[in-house]
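Me: I have a structure on my screen and would like to learn how to read its features. Could you walk me through them, one at a time?

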Amino acid sequence: METLYKILGLIGAGLIIWVLYRSIKGRPELFSRENLSKSFSSMGILALILIGFIALLVFMLRHT
């Protein structure tokens, strides 16, 4: 049974890689310098908000 899960995992990973390859090949403009810089700045802001929220939750738990 364990080997079945390994085989299914490999098939799933291959399928994901194939779909990603086809989407990148079909729309290369998604990975332009401008789009990537916008995405990284948005992800950075969201990461800082998430870190702040988790820190707030930790402080609330410590003071209860």
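Me: Let's begin with charged side chains. What do the side chains of arginine 27 and glutamate 29 meet in?

Reply: Here is the general idea: side chains of opposite charge can pair when their charged atoms come close. In this predicted model, the side chains of arginine 27 and glutamate 29 form a salt bridge, with 3.6 Å from N to O.

Me: Are those two partners buried, exposed or in between? Let me start with arginine 27: what does it count as?

Reply: Relative accessibility is the number to read, and values from 20% to 50% are the middle class, partly exposed. Arginine 27 counts as partly exposed because its relative accessibility is 47%. Glutamate 29 has a relative accessible area of 45%, so it is partly exposed too.

Me: How many salt bridges does the structure hold?

Reply: There are two. Besides the pair just discussed, glutamate 2 and lysine 6 meet through their side chains, at 3.7 Å from N to O. Both glutamate 2 and lysine 6 are exposed.

Me: Why are glutamate 2 and lysine 6 separated by about one helical turn?

Reply: Look at their spacing in the sequence. Glutamate 2 and lysine 6 sit four residues apart in helix α1, and therefore about one helical turn lies between them.

Me: Now the fold as a whole. How many helices and strands are there in the protein chain?

Reply: The protein chain has two helices and zero strands. Its radius of gyration is 20 Å, whereas the globule rule gives 11 Å for 64 residues; the value is well over the rule, so the chain is more spread out than a compact globule. The C-alpha trace tells you about the dimensions: it spans about 50 × 45 × 10 Å along its principal axes.

Me: What percentage of the 64 residues count as buried?

Reply: To count as buried, a residue must have under 20% relative accessible area. In this chain, 0% of the 64 residues do. The chain exposes about 6200 Å², and carbon and sulfur atoms supply 75% of that area.

Me: Which residues make the nonpolar surface patch?

Reply: Ile16, Leu20, Ile24, Leu30, Phe31, Leu36 and Phe40 make it, and the patch covers about 680 Å². Helices α1 (2–26) and α2 (33–62) each supply at least two of its residues. The largest share, three residues, comes from α1.

Me: Could you take me through a couple of the patch members?

Reply: Happily. Leucine 36 lies in helix α2, and because its relative accessibility is 31%, it counts as partly exposed. Leucine 20 lies in helix α1; at 49% relative accessibility, leucine 20 is also classed as partly exposed.

Me: How do I compare distance along the chain with distance in space? How far apart are leucine 20 and serine 42, C-alpha to C-alpha?

Reply: Put the two separations side by side. Leucine 20 and serine 42 are 22 residues apart in sequence, and 22 Å separates their C-alpha atoms. Serine 42 is in helix α2, where its 40% relative accessibility makes it partly exposed. Going on from serine 42 to arginine 62 is a step of 20 residues, and their C-alpha atoms are 31 Å apart.

Me: One last residue, please. Which backbone oxygen lies 2.9 Å from a polar atom of the side chain of serine 37?

Reply: The backbone oxygen of glutamate 34 does. Serine 37 lies in helix α2 and is partly exposed, since its relative accessible area is 42%. You can repeat the distance exercise here: serine 37 and isoleucine 17 are 20 residues apart along the chain, with their C-alpha atoms separated by 24 Å.

Definitions and conventions: Residues are numbered from 1 along each chain as its sequence is written. This is a predicted model: local features need pLDDT of at least 70, side-chain atom pairs count only at pLDDT 80 or more; totals for chains, interfaces and linings use all residues. Side-chain values use heavy atoms; hydrogens and water are left out. The radius of gyration is taken over C-alpha atoms; the globule rule is 2.2 Å times the number of residues to the power 0.38. Buried means under 20% relative accessible area, exposed over 50%, partly exposed in between (1.4 Å probe, protein chains only). Accessible areas come from the Shrake-Rupley method with a 1.4 Å probe; for residues, only the protein chains shown count as cover. Patches are made of residues with over 30% relative accessible area and no salt bridge: like charges are joined within 9 Å, nonpolar side chains (Val, Leu, Ile, Met, Phe, Trp, Tyr) within 5 Å. A salt bridge is a side-chain nitrogen of Lys or Arg within 4 Å of a carboxyl oxygen of Asp or Glu. A polar contact is a pair of N or O atoms within 3.5 Å; within protein, one must be able to donate a hydrogen and the other to accept it, and residues adjacent in sequence count only if both atoms are side-chain atoms.
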